[in-house]
Amino acid sequence: GGFSIPQVRLTDRGLEHDRRWMLVDPQGRFLSQREYTAMACLHCAPHGDGFQVTDTRNGNTVGVPWSLVDGERINAKVWDDEVELILGNASMHRWFSEALQRPVRLAYMPDSTVRPADSRYADVRVALNDGFPCLIISQASLDELNMRLDMPVPMERFRPNLVITGVRPFQEDDWKGGTIGTERFAIVKPCARCVIVNTDQRNGARGLEPLRTLATYRSVGNKVCFGMNATFAGHGTLHVGDLLHVSA
């Protein structure tokens, strides 16, 4: 589970601290909520010199530092990409294995590991995200979706990095890029959605919505799109309330 912050620094591969840690199975393959809905119950929040993960089902917690410099290195897989990661300690592995009822290990992506984004869309680095450094969604797009649903869903279902207000529903579809504060960004492609959006980020329950409704009006070919993948050029800081200037 993600968390909201009032400001964030940009790095060479996305938002600072975003998706730098990953759970892997014994074969080194990444785990996600697609297959393991209980991961939605593991909520993160800044704590001390790192962050704390809380299992919402029982209140159990574990502390994780923001980064690692030393430790055992492994080769892991994110989709088709092989990345070198640094393993966390044994107590972290035990905590997450117990929480998910399967053997897993927690691993960190150091700065020395360079993973390029899909070169068909952008010449940038990316952390352990699905594919791109940033996901942008407008509040108006979610509001328009919720008007079609019997039970509205919160923005956390879609796990965006940036939420934009003051625009029309799905206006972000037509943007080419622009600036937020002083930081230039580029819109590179729509975000195709999977069953994670049907997963309640509080208890891990999975239903049919909102993907079923989105498919009735947001399908492009065999994909259902909601939100836009983006990249950033700078290494500055974004703040809640920064003005957005777009290019179409």
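A residue counts as buried here when its relative accessible area is under 20%. By that yardstick F185 is buried, because its relative accessibility comes to just 5%. The model behind these values is a predicted one. F185 sits in strand β13, which covers residues 183-192. Leaving aside residues up to four places away in sequence, F185 touches I136, G177, G178, T179, I180, T231, F232, L244 and H245. N203 is another matter: F185 and N203 are 18 residues apart in sequence, and their C-alpha atoms lie 34 Å apart in space.

Now for a sheet elsewhere in the chain. Four strands make up an open sheet in the order β3-β9-β8-β7, and the pairing is antiparallel. The edges belong to β3 (21-24) and β7 (73-78); each has a single partner strand, so one side of each has no neighbour in the sheet. Going from one strand to the next, the twist averages 50°. As a general point, strands of a sheet pair through backbone hydrogen bonds, either parallel or antiparallel.

How do the individual pairs look? Take β7 and β8, which pair in the antiparallel sense over six bridges. One residue to look for here is R73, whose bridge partner in β8 is I86. The two strands, β7 and β8, form a hairpin with two residues between them. In that turn W79 has a positive phi of about 55°. On to β8 (residues 81-87) and β9 (residues 105-108): these run antiparallel and are joined by two bridges. Here L87 stands opposite A107 in β9.

A helix goes with this sheet. Helix α1, made of residues 90-100, lies across β3, β8 and β9, and runs at about 125° to β9. Its buried residues are M92, H93, W95, F96, S97, A99 and L100. In an α-helix there are 3.6 residues a turn, so residues three or four places apart point the same way. What covers the buried residues of α1 includes three strands of the sheet, β3, β8 and β9, along with β4 (42-47), β5 (50-55) and β6 (61-65). Just after α1 comes Q101, which takes a positive phi of about 55°.

Technical notes. Residues numbered from 1 in each chain as written. Predicted model: local features only at pLDDT ≥ 70, side-chain atom pairs only at ≥ 80, totals over all residues. Heavy atoms only, no water. Pairing = 2+ DSSP bridges. Axes fitted to C-alpha atoms, helices over the stretch in contact; angles between N-to-C directions. Contact = heavy atoms within 4.5 Å. Buried < 20%, exposed > 50% of the residue type's maximum accessible area, 1.4 Å probe, protein only.
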